[in-house]
Amino acid sequence: MTEISTSPTHSFLDYAPAPESKSILHLKKSYGLFIGGEFVKGSGKPFLTVSPSTEETIAEIANASAKDVDAAVAAARKAYDSTWRKLSGADRGKYLFRIARLVQERARELAVAESLDNGKPIKESRDVDVPLVAAWFFYYAGWADKLDYAGLGPNPKALGVAAQVIPWNFPLLMLAWKIAPALAAGNTVVIKPAETTPLSALIFAEILQQADLPAGVVNIITGAGDTGEALVNHPDVNKVAFTGSTAVGRAIAKSTAGSGKKLTLELGGKAANIVFDDAPIDQAVEGIVNGIFFNQGHVCCAGSRLLVQENVHEEVVERLKTRLATLRLGDPLDKNTDIGAINSREQLDRIRTLSDIGEKEGAERWTAPCVIPDKGFWFAPTIFDNVSTSSTIAREEIFGPVLSVLTFRTPAEAIAKANNTPYGLSAGIWSDKGSKILAVADELRAGVIWANTFNRFDPASPFGGYKESGYGREGGRHGLAAYLSSAGWGAK
Amino acid sequence: MGCEMTRLAVPKTYKLYIGGKFPRSESGRTYEVLSKKGVFLANASLASRKDARDAVVAARAALGGWSGATGYNRGQVLYRIAELLEGRRDQFVEEVIATEGVSKAAATSQVDIAIDAWVWYAGWADKYVQVAGNGNPVSGPYFNLSTPEPTGVVAIVAPQQGNSLLGLVSVIAPAILTGNTVVVIASEAAPLAAVSLAEVLATSDVPGGVVNILTGSPAEIAPWLAGHADVNALDLAGAQSLDWVDLQVVAADTLKRVLAPESGAPAPSLERIVAFTETKTVWHTKSLL
Amino acid sequence: MTLESAQALAPAERAVGLIGSDLTEKSLRLHLEGLPGVDAVGLEQRAAGLGTRSIKTTSKARALDTIIRLIDLTTLEGADTPGKVRSLVAKAMNPDPSDPSTPRVAAVCVYGDMVPYAVEALGASHGDPAKGLISVAAVATAFPSGRASLHVKLADTADAVANGADEIDMVIDRGAFLAGNYGLVFDQIVAVKDACRREDGSYAHLKVILETGELNTYDNVRRASWLAILAGGDFIKTSTGKVAPAATLPVTLLMLEVVRDWHRLTGERIGVKPAGGIRSSKDAIKYLVTVAETAGEEWLDPHLFRFGASSLLNDVLLQRQKLTTGRYSGPDYVTID
């Protein structure tokens, strides 16, 4: 029985806790490396993965040494030579379809694990991350036996062993972005999830076992930066795919130079979200919120620079603040949480440092009113208004829930300011005038442009950047090119 | 008057081609271009890093107009190059023979293939977007279209061994047809055809700055281009004999797109066209309400 | 009809205040067409997002009671009889005889000719829902089509008010609106508002039904909402319930955005009433969330928000019984009207 209390002083908006149950998880105390289809001990010193919302330990995770990397690459090579390359495209596809279905079946469990380990709100892991993971495998499954139609000429060939290193912001989704096209194209994989978010990848390894995927086709090794470095620089790797910071991407581009390894990089961003005075205003405000506060702003394509036309600047900022006041920060597993935990103390420190710099450089700081829990890593949604183009927070990727607001007068000025960055991953445009949107979209130097929407992802839609945001595309037909060598495109 | 004397020829001064103009190297340096047999042919400008810098500035300045032109327009401009080249066919054959020491048949064949390459690439200008781009059937109420766009300013080391005209055309044409602008280092040993090609470009409809041709030492200039932050891509087609891995490493500082060295003149290919494009994907909401 | 006559009417003050004293068809049109556009995809996504709020345990219990307090318990059938209306009133006054702690609904909503029976049946319970009493709302103006002369519409309205209706639910002339005759629609609302005037100078509350299912676009819903407010409406209401789609969450969200903006602009609070199609507690809770997170929780008040519904009440009662007893209830344990 539930006590029915209807005290009139009680706020409707004080929603009672609605936590997603953790009982669906069956976690082990410690996890090994997934090599050759089995969990094996790592030879490095194991590390702990903690929940960023409580700082409690979730599990002990094996640490792959250079020796373990060798073993994983060898397993992938063996699987490539003995099994995977001999399999028909149709059969590769069937394995991927199986994986897609198993992800759907275990969706809730994966979502809970993701929110626990990453700190993201369960509504996002449940409604965005995990459904997209299943969709990604489903989409690329169908490509496996249709590679002749991928636009790369007849009979394109797999590259061999793919080394893949992924970040902590969308742990399982980034894994899917990497593994699904690689396998569809006929490669085998060694993947390293981020040090702070290995959990969902390890549950995914169990799914691979349930799918009966041939041993060694996918190897999942956990560890820190040195493990990733050993992996991408391994001489028996044919392909390197990395998603993460531009600094690390640059280092990989250097270390793989001249190696003949095909490289795709999906790196940082400092996206402009351009709001014109004829924008659908309420949807634009939602789009700004979704653009920078989705996943705590831990999004490489986050709309971190709001460029708003000066005649609606005050109104937009005011509406934005009103809206932000309704965001709920707290327990990632609570179904009503909008803003979860910052993934790590290190990241929190970086956000704080950059925000302090923003304030020192003269921008007006505003913080959404919300109660910060005692334990864990948290950062309240923050807006910096009247930011100048030269300000640090207008140039550096913060990777947190921090929005810089700049103004513009003409479309030309908006375009110039939007493009005035070494990055070029994404951008947003808000206007009710279609011709203006298309003209502005033409001028923006960014790989993904969202018009009257933001932060939409789909396995059929290519994603990736211009300039220092990296190269290569993930998703869609274009995403296959990263994992295939074309046989003949020449003039005949 | 000495009407019995053979007429004294007027030799050409071979200069750089930057921003649609033919400057000498700002350094004032030249180097001797010799025939295969070691006979002096001409003094070519020995481009400096500052010439390379000026060429990048010119290429950047030309980018907006050239990439903003329609594919149909760029296609016609490229086709016009083929027309003009055809008209000066004999001159190019002679220059190829002089610098490469090949037979007339081989030189003629090279020039013909180069002309045909312009024609082949010209036809792609208004088509590659259709082939390399596509609509994406996303699961939601969105218009979603991926289209390739030019990467920007491309620095190119042209093939250095033989094929002094064809090699050059094989790297310039696929890069510019999409709207890129280029700074290209011609064959060091056989730059005459390159400078003559520049003259063709200058009298064709190619806007100044779209193609910038430097003669001189790739080993000296290429590192400056590879490290230039305002260069977006690097084509190392002719860089086999350079420390090209170092160039690639330097290029990684600004994450340039890099094509590795190839032997000979790269065959015409769509792959080469698409190599220096960026896929832009535009989403737009779609609704009747 | 010109707008000069409209200007003379007191309730048009809002329009004069906002647009200026030179109120004309043209200036009204410019104002309405100058409103920011609505992106349908974004609006629907926001509504869907609000719909994922998980309202559990104590919050759910409070929400269920709030829903009941905000219901206009409705019967609008050609087959309605005085007996049916008395039964409806009985249910309104005592929704769950097995649990006296159950709150009362805000109002009963009936056709104009049924107003006297409703008033009679309510007796001393008739009055302001803010004071725990129950209002009588009457649909008027040739509901649901609105296809009658203005004279008939005004008579319909005045009749209901004279018979004791506290609230008038009028329909706008959708044909005129869609044809772009904003001035005509405006004038009619002003005239109906005037017909709501009682002898003592007070007014019955006017709910303006936009019939959003016939307005085709969200942009039209936003314009019609502004038009209704400018002309003096106390409430903007989605639907008659006779046209599909009736109330939807995105439309209601949009109308809540309008009243929020009106409040931001003028400090005045306008009510919103989704009507038709809201049958489950689960759906109704989504509306409460949408109200609280869009206009603010002060709108969760019978003077500012109502559900136009008939079968919703019984579902809420079943849910309420489940929360009280800990067991799932069944339809035999609530009364049918």
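**Entry 1: the sheet in chain B**

I began with an open sheet of five strands in chain B, which run in the order β7-β6-β5-β8-β9 with parallel pairing. I note here that the model is predicted.

Next I looked up the edges. β7 (211-214) and β9 (257-259) of chain B each have a single partner strand, so one side of each is left without a neighbour in the sheet. From one strand to the next, I found a twist that averages 15°.

**Entry 2: one strand pair**

I then picked β5 (residues 153-157) and β8 (residues 233-235) of chain B, which pair in the parallel sense over three bridges. Which residue in β8(B) is the bridge partner of Val154(B)? I found Ala233(B) there.

**Entry 3: a helix on the sheet**

Helix α1 (residues 49-68) of chain B packs on this sheet, and I see it touching β5, β6 (181-185) and β7 of chain B. The direction of α1 makes about 155° with that of β6(B).

**Entry 4: a helix pair between chains A and C**

Here I followed helix α9 (residues 281-293) of chain A, which packs against helix α4 (residues 40-50) of chain C at an angle of about 60°. Their axes are 9 Å apart. Angles from 65 to 115 degrees would count as roughly perpendicular; α9(A) and α4(C) are therefore oblique to each other. I noted their crossing as left-handed.

Which residues meet in this contact? From α9(A) I listed Gln283(A), Glu286(A) and Gly287(A), and from α4(C) Gly42(C), Leu43(C) and Arg46(C). I sorted the residues of this contact into one nonpolar, three polar and two charged.

Technical notes: Residues are numbered from 1 along each chain as its sequence is written. Chains are lettered from A and ligands numbered from 1 in the order in which they are written. This is a predicted model: local features need pLDDT of at least 70, side-chain atom pairs count only at pLDDT 80 or more; totals for chains, interfaces and linings use all residues. Two strands pair if DSSP finds at least two bridges between them. Helices (H or I, at least four residues) and strands (E, at least two) are DSSP runs, numbered from the N terminus. Axes are lines fitted to C-alpha atoms, for helices over the stretch in contact, and angles run from 0 to 180 degrees between N-to-C directions. Two residues are in contact if their C-beta atoms, placed from the backbone, lie within 7 Å. Angles under 35 degrees count as roughly parallel, over 145 as roughly antiparallel, 65 to 115 as roughly perpendicular and the rest as oblique. A crossing is left-handed if the near helix is turned anticlockwise from the far one by less than a right angle, and right-handed if clockwise. Ala, Val, Leu, Ile, Met, Phe, Trp, Tyr, Cys and Pro count as nonpolar, Asp, Glu, Lys and Arg as charged, and the others, Gly among them, as polar.
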